[in-house]
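Biologist: I'm new to this structure and would love a friendly close look at one part of it. Could you start with the whole chain and then take me to a single spot inside it?

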Amino acid sequence: MKAATQLCRDAHQALDRVDVPARGRRTWIVPGRIEVLGKHVDYAGGRSLLCTVERALVIVARPRTDAMVVIRDARRRETVSLSLEHPQRGSVPWSVYPRTVMARLLHNFGSAVRGADISLASNLPPAAGVSSSSAFTVALSAAMASLSALDQDPRWTDSITDRLTLAGYVGALENGGDFAGLSGERGVGTMGGAQDQTAILCCSPGQLDVFRWIPAAHERSVPWPQTHRFVVAVSGVVAAKTGAAKERYNRAARTAHRLVLAWNRHAGDSVRTLHDAFLSASGGTVPQAVPEALFIAADVADAPDFSARHLRARLEQFFEETFVLVPKATDALARGDLPAFGSLVDASQFGAERALENQIAETVHLHRYARDLGADAASAFGAGFGGSVWAMIPAAQADPFLARWRERYARAHPIAAQRAQFFTTVPSASAFEIVD
């Protein structure tokens with residue numbers, strides 16, 4: 001993975017500077033991810049097409065003999081110290097993630113959780129839609145679980161049996177939900193699913209992977225063409241998940257939940273997810289269109305905060321993304337039909353603009369510019385309200401395309417472009433520990 005050597009060096013040096021012994025240190029490399037398709041469907045039981053990127057977060061950890069967890073960001077030169085006995089708020093914004101991890105592990109495993117010295121170094125752009133925050137929680141969870149030997153605890157082994165279930169647990173850790181026999185604890189405040197954690201832990205290099213959600217299941221893989229690369233444009237508009245931005249992000253999830261409630265009231269049903277509501281409304285078969293009964297339920301649920309128009313649009317977006325676009329796009333890529341793949345990806349982008357209402361001018365324009373400049377496919381990805389756009393480009397043209405894309409974006413959005421980043425990648429390896 002590119003730049004991993006330097007990231008490891010930076011993380012180790014952060015511990016060297018405070019005289020943490022080198023003996024007993026362990027190192028993990030945890031990548032970010034690209035949501036190729038599957039916009040806001042994981043918490044609703046939908047389907048996603050995913051891969052990891054070559055950029056990553058590196059975490060180096062060593063057990064302590066006391067009840068402190070001290071986390072140092074090697075590049076920001078910031079430190080968070082947390083007591084396992086008396087958890088307190090950290091003094092830096094990113095402390096919410098280690099506090100959430102520690103609180104959940106303590107809630108589920110109590111005194112089995114050990115103190116640790118931890119350092120991290122990352123080249124993942126923060127708050128950009130590439131899952132830097134989920135990479136952080138995955139890394140911390142893996143490190144703390146390993147240092148505390150939680151994988152030998154019956155409470156762990158009864159509920160977490162493989163990487164897929166570990167991803168589900170870390171997803172529940174972030175959203176505060178229960179997982180198997182492990183009860184929930186306050187998360188980070190977002191109502192997401194386990195898509196990001198699953199990609200980070202379960203995707204394979206050189207391919208895109210299709211997952212179904214609730215429960216998570218790997219459906220199929222498709223090779224990424226060796227002739228092509230992803231070019232990623234980080235818009236420079238922060239895709240924050242705090243304050244008012246968090247509420248905007250959660251609105252998409254609340255819309256799906258409102259539709260499930262509307263269906264259950266309308267049909268006297270008790271389904272848990274929007275996917276299950278679709279199956280129920282279509283008589284247990286895979287729907288070929290949005291069932292009329294779901295539209296009727298949405299109309300009955302019309303309210304000032306969630307209008308019937310908004311609910312109907314969300315039904316259409318979820319149906320297209322889950323039952324049409326992900327399967328057909330995967331088929332198109334498998335047979336090498338890039339024009340069809342690009343058209344299907346465009347439909348996903350337009351659905352997000354119309355129904356999710358989470359696109360901004362910068363991401364809309366980045367998608368349009370990419371297609372105008374010859375990208376085989378392009379789409380915004382992540383939570384929305386900022387973030388990034390991926391473009392699929394022949395490898396030999398990736399660097400010239402990147403320069404033209406950046407130049408055109410800078411002309412249209414000069415302020416955001418000052419904070420923008422552009423980089424190339426291919427589907428990479430999932431998270432792993434370096435073993436000497």
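Modeller: Happy to! The protein chain has 14 helices and twelve strands. Its radius of gyration is 22 Å, close to the 22 Å that the globule rule gives for 436 residues, so the chain is as compact as a globular protein of that length. Please keep in mind that this is a predicted model. Along the principal axes, the C-alpha atoms of the protein chain fill a box of roughly 65 × 55 × 40 Å.

Let's look at how the chain packs. Of the 436 residues in the protein chain, 57% are buried. When we take contacts between residues at least 6 apart in sequence, 72% of them join residues at least 24 apart. As for the outside, the accessible surface comes to about 17,300 Å², and carbon and sulfur atoms account for 50% of that. The chain carries 47 positive and 43 negative charges, and the mean positions of these two groups are 4 Å apart.

Now for the close look, at T273. This residue sits in the loop between helix 7 (243-267) and helix 8 (274-281). Is T273 buried or exposed? Its relative accessibility is 3%, and buried means under 20%, so T273 counts as buried. Which residues does T273 touch, leaving aside its neighbours within four places in sequence? The answer is A44, G45, I214 and V260. One of these partners, V260, has a number that falls within the range of helix 7 (243-267).

For contrast, here is another loop residue. E85 lies between strand 4 (78-83) and helix 2 (96-109). At 58% relative accessibility, E85 counts as exposed, because exposed means over 50%. E85 and K39 are 46 residues apart in sequence, and their C-alpha atoms are 39 Å apart in space.

Finally, some record labels can help you find your way around. An unreviewed UniProt entry gives the annotation "domain: GHMP kinase N-terminal" to residues 101-151. That span is 49% helix and 14% strand, and its end C-alpha atoms lie 16 Å apart. For "domain: GHMP kinase C-terminal", the unreviewed entry in UniProt lists residues 331-410. Here the span is 60% helix and 15% strand, with its end C-alpha atoms 35 Å apart.

So, back at the spot we chose: T273 is a buried residue, placed in a loop between two helices, and in contact with residues that include A44 and I214.

How values were computed:
Residues are numbered from 1 along each chain as its sequence is written. This is a predicted model: local features need pLDDT of at least 70, side-chain atom pairs count only at pLDDT 80 or more; totals for chains, interfaces and linings use all residues. Side-chain values use heavy atoms; hydrogens and water are left out. UniProt positions are given in the numbering used here, feature names are shortened, and annotations may be inferred rather than shown by experiment. Helices (H or I, at least four residues) and strands (E, at least two) are DSSP runs, numbered from the N terminus. The radius of gyration is taken over C-alpha atoms; the globule rule is 2.2 Å times the number of residues to the power 0.38. Buried means under 20% relative accessible area, exposed over 50%, partly exposed in between (1.4 Å probe, protein chains only). Contact means heavy atoms within 4.5 Å. Accessible areas come from the Shrake-Rupley method with a 1.4 Å probe; for residues, only the protein chains shown count as cover. Lys and Arg count as positive and Asp and Glu as negative; His and the chain ends are not counted. The place of a charge is taken as NZ of Lys, CZ of Arg, CG of Asp or CD of Glu.
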